[in-house]
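Got the viewer open? Let's walk through this one stop at a time, selecting as we go.

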Amino acid sequence: MQSAKSMNEYHGEIQESLDNSFLRQALDKFAVAYKANRLTIFADINEKELIKEIADAKDESLDKLEDLYVQFKAEAEKRGVQVHRADTAAQANEIICKIAAENNCKRIIKSKSMTAEEIHLNHALEGEGLEVAETDLGEWIIQLRHEGPTHMVMPAIHLSKGQVADTFSDETGKKQESDISLLVKVARRELRAKFANADMGISGANFLIADTGTVGICTNEGNGRLTSTLPRVHVAVAGIDKLTPNIHDALRVIKVLPRSATAQAITTYVSWMTGSAEHSLNPDKRKIMHVVLVDNGRTAMLKDELCRSALRCVRCGACANVCPVYRLVGGHKMGYVYIGAIGLILTYFFHGRENARNLVQNCINCEACKDACSAGIDLPAIIHEIRARLVEEEGAPLSSTLLSTVLENRKLFHSLLRFGKFAQRPATGGTKFIRHLPEVFMKGQGFRALPAITAKPFRDRWAEIKRILPTEGKLRVGIFAGCAQDFIYPEQLEAAVKVLSANGCILDFPLEQSCCGLPVRMMGERKAAESTAIRNIRAFDPARFDYIVTLCASCASYMKNTYTEVLEHHNMRTEAQQYATRVRDFSSFVTDVLGLTEENFTKSGETVCYHSACHLCRGLGVVKQPRYLINAAAEYKPAPEEDVCCGFGGSYSMKFPEISGQLLDMKLTNLEATGASTLVADCPGCVMQLRGGEEKRGNKLKVEHIAELLARQLK
């Protein structure tokens with residue numbers, strides 16, 4: 001559980017995780033295996049179609065949640081189950097403690113329940129003098145260690161077998177061997193008596209079926225069934241968002257839940273409980289069964305149009321499984337109770353902004369979570385929204401305010417960049433990198449070399465370039481440069497101009513364009529995000545162009561997918577839609593629009609590996625085109641984990657350099673292992689990160705934009 005009171009404290013906690021070699025190895029091994037296994041287990045299913053169906057069904061359920069609650073309560077109670085509703089965590093705990101007292105329960109066993117973790121149920125029960133034992137193996141381990149879960153499905157994944165053996169040795173008073181099969185036997189032996197002697201069993205619930213009053217649970221250990229059947233009292237605790245109209249909707253979720261959680265076709269156990277079952281220890285020979293539905297912020301989320309889709313979550317944990325940040329720091333540093341991307345959101349609503357404040361900054365916006373989400377939640381967009389609300393509620397840091405002020409004013413922004421060209425001279429040593437900047441300005445940035453500002457930006461070269469370009473062609477194309485290519489890497493734009501102008505494009509470069517606005521959007525600066533979007537739309541005037549092409553994957557994804565959202569309530573919303581439809585990334589434009597093939601290039605003997613920019617492969621769904629182009633112009637060398645984030649993330653690499661540097665190191669190690677001579681990417685930010693890292697590592701790879709490779713080999 002992250003508990004830092006300030007960002008400095010949070011950085012200290014993060015460093016603890018980065019220094020934990022076992023945690024790093026365990027999460028690395030899991031992340032690689034999970035991705036491969038997930039692809040295999042979804043091979044026979046149309047994943048996107050299924051997730052769309054689940055998302056639509058979940059939204060429909062949320063629209064009638066109150067009706068589902070009334071129906072579930074009526075159906076469950078006619079079958080002998082008592083149904084309670086708790087507005088807060090404290091009220092839920094009070095209800096469950098009262099049930100225990102009324103039924104003279106002293107010994108309680110629990111199966112895995114994130115809702116019970118959410119409301120800190122164990123603390124409440126133990127505060128009443130009750131004996132509480134977790135019976136899920138992972139949960140029991142962390143209970144003995146007085147820790148919270150580090151994953152929603154695998155709560156003890158952060159621990160080695162040696163640590164578990166030590167924990168069991170302390171619990172049993174006998175030295176235990178660090179053999180997994182033996183440790184499982186110890187757990188079975190220790191927990192068997194607790195199952196037999198328990199007065200009350202507490203479980204979670206994956207589904208609450210409204211039309212039959214049924215409770216459904218998916219588990220991989222037999223403890224779930226033992227917990228819900230052996231004791232004379234059973235309490236199922238779940239969020240109100242688990243209400244489901246019928247068994248059909250539940251079975252559809254079961255198709256994706258285990259596949260996304262642990263890459264299984266189905267969990268070992270799927271248990272359905274409809275009504276109070278027989279139980280010989282109670283006077284009426286029926287089990288005493290209660291269901292406690294917890295609100296704890298869910299109704300507020302339900303009324304929140306921008307965040308309500310987070311209530312679709314099926315608690316599979318996939319957002320953590322694919323998150324590059326979670327992979328490095330684990331759930332204790334990327335979560336409060338709930339972890340991963342969904343945890344950043346739920347913490348804000350369930351546990352307060354003071355516990356979410358640091359966490360929501362620690363999203364690199366690679367969109368891997370969105371791509372893997374079992375319920376089709378746009379997790380990064382909601383995290384951005386929460387950042388914006390925190391800025392509005394608490395004020396922005398001075399650095400964010402200054403940056404947003406600069407980016408809103410194009411002339412000021414560009415003037416500062418031009419001034420930087422001269423101011424940087426003492427720091428560059430005559431090279432293309434900043435080498436001698438004092439540490440106060442380079443704090444934590446020693447993992448890469450930062451680029452120098454170019455002597456002559458692309459916008460100053462444009463008039464001369466334009467004079468020699470064709471004035472006739474089949475397509476009118478506006479070039480969007482973004483910040484980095486205009487003022488740092490103009491050679492990338494010149495390469496693109498060569499390719500596009502040779503293939504029927506009439507090109508223009510509107511000089512009023514500026515930053516796309518993604519940096520200020522990431523910082524939660526709504527006003528600055530809106531004004532930058534308006535400036536670019538006016539600069540290009542969508543009616544003038546058939547396409548707006550950019551060489552920056554992040555700019556392309558942001559402008560195409562987010563401008564209409566940023567300007568949703570502005571009178572330029574229609575122009576924003578027109579602008580977005582015209583935006584294309586360079587690689588897909590070259591292949592899908594211009595139709596270039598291997599016939600257009602001279603294939604060199606150069607060996608080239610590839611980094612797939614996050615916002616290209618996930619934000620835009622462009623996957624095959626860049627690899628096709630590389631193979632048309634050179635010898636493509638596939639690398640492991642090509643689509644894993646390089647660690648740049650724009651301002652993220654400045655805010656969290658310790659994480660950015662580790663991600664970069666992992667990425668370059670994989671790319672260098674290909675034996676290629678050249679590395680290409682589709683995004684200048686990625687080029688900046690990768691080239692800066694290679695400069696520090698000795699330049700084993702020449703790093704460039706894909707446009708430069710294509711221009712060099714163009715026939």
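Which backbone oxygen lies 3.4 Å from a polar atom of the side chain of T219? Select T219 and look: the oxygen belongs to E221. Keep in mind that this is a predicted model.

While you're here, colour strand β6, residues 214-219, where T219 sits. T219 is buried, at a relative accessible area of 15%. Setting aside residues up to four places away in sequence, T219 touches G224, T267, T268 and Y269.

**Next stop: some salt bridges**

The salt-bridge count comes to 47, so let's just visit a few. Start with R308 and D63, whose closest N and O atoms are 3.2 Å apart. This pair ties together distant parts of the chain: R308 is in the loop between α13 (298-302) and α14 (318-321), D63 is in helix α3 (residues 47-63), and the two positions lie 245 residues apart. Is each partner buried or exposed? R308 is buried at 13% relative accessible area, whereas D63 counts as exposed at 59%.

Now jump to helix α12, residues 247-262, and show the side chains of R252 and D249, both in that helix and three residues apart, about one turn. They meet in a salt bridge at 2.7 Å, N to O. R252 counts as buried at 16% relative accessibility, and D249 is buried too, at 13%.

For another pair, pick R145 and E147, with the closest N and O atoms 3.3 Å apart. R145 is partly exposed at 26%, and E147 is partly exposed at 27%.

Then select D304, E385, R389, E392 and R526 together: salt bridges link them in a network.

**Two domains, one interface**

Colour 458-593 as domain 1 and 598-713 as domain 2, following the domain assignment. Their centres, taken over C-alpha atoms, are 22 Å apart. At the interface, 27 residues of domain 1 are in contact with 23 residues of domain 2. The two domains bury about 2100 Å² between them, with 68% of that on carbon and sulfur atoms.

How many salt bridges are there between domain 1 and domain 2? The count is zero. Polar contacts do turn up, in six residue pairs across the interface. To see the domain 1 side, select α24 (482-487), α25 (490-501), α28 (553-566) and α30 (586-593), the elements that each give two or more residues to it. By class, that side has 13 nonpolar, nine polar and five charged residues.

**Into α32**

Select helix α32, residues 624-633. Seven of its 10 residues are buried, so the helix is largely enclosed by the rest of the structure. The buried ones are Q625, P626, R627, L629, I630, A632 and A633. Now bring up what covers them, including α30, β17 (607-610), α31 (614-617), β18 (635-636), β19 (678-681) and α36 (706-713).

**Last stop: S653**

Finish at S653 in helix α33, residues 652-655. S653 is buried, with a relative accessible area of 0%. What does its side chain reach at 3.0 Å? That would be the backbone oxygen of G650. The S653 side chain also makes a polar contact with the side chain of R448, at 3.1 Å. Beyond neighbours within four places in sequence, display Q445, F447, R448, G647, F648, S660 and Q689 to see what S653 contacts. For a sense of distance, run a line from the C-alpha atom of S653 to that of A86: they are 42 Å apart, with 567 residues separating the two along the chain.

Definitions and conventions: Residues are numbered from 1 along each chain as its sequence is written. This is a predicted model: local features need pLDDT of at least 70, side-chain atom pairs count only at pLDDT 80 or more; totals for chains, interfaces and linings use all residues. Side-chain values use heavy atoms; hydrogens and water are left out. Helices (H or I, at least four residues) and strands (E, at least two) are DSSP runs, numbered from the N terminus. Buried means under 20% relative accessible area, exposed over 50%, partly exposed in between (1.4 Å probe, protein chains only). Contact means heavy atoms within 4.5 Å. A polar contact is a pair of N or O atoms within 3.5 Å; within protein, one must be able to donate a hydrogen and the other to accept it, and residues adjacent in sequence count only if both atoms are side-chain atoms. Domain bounds come from an automatic or database domain assignment. Buried area is the accessible area (1.4 Å probe) that two parts lose on being put together, summed over both. A salt bridge is a side-chain nitrogen of Lys or Arg within 4 Å of a carboxyl oxygen of Asp or Glu. Ala, Val, Leu, Ile, Met, Phe, Trp, Tyr, Cys and Pro count as nonpolar, Asp, Glu, Lys and Arg as charged, and the others, Gly among them, as polar.
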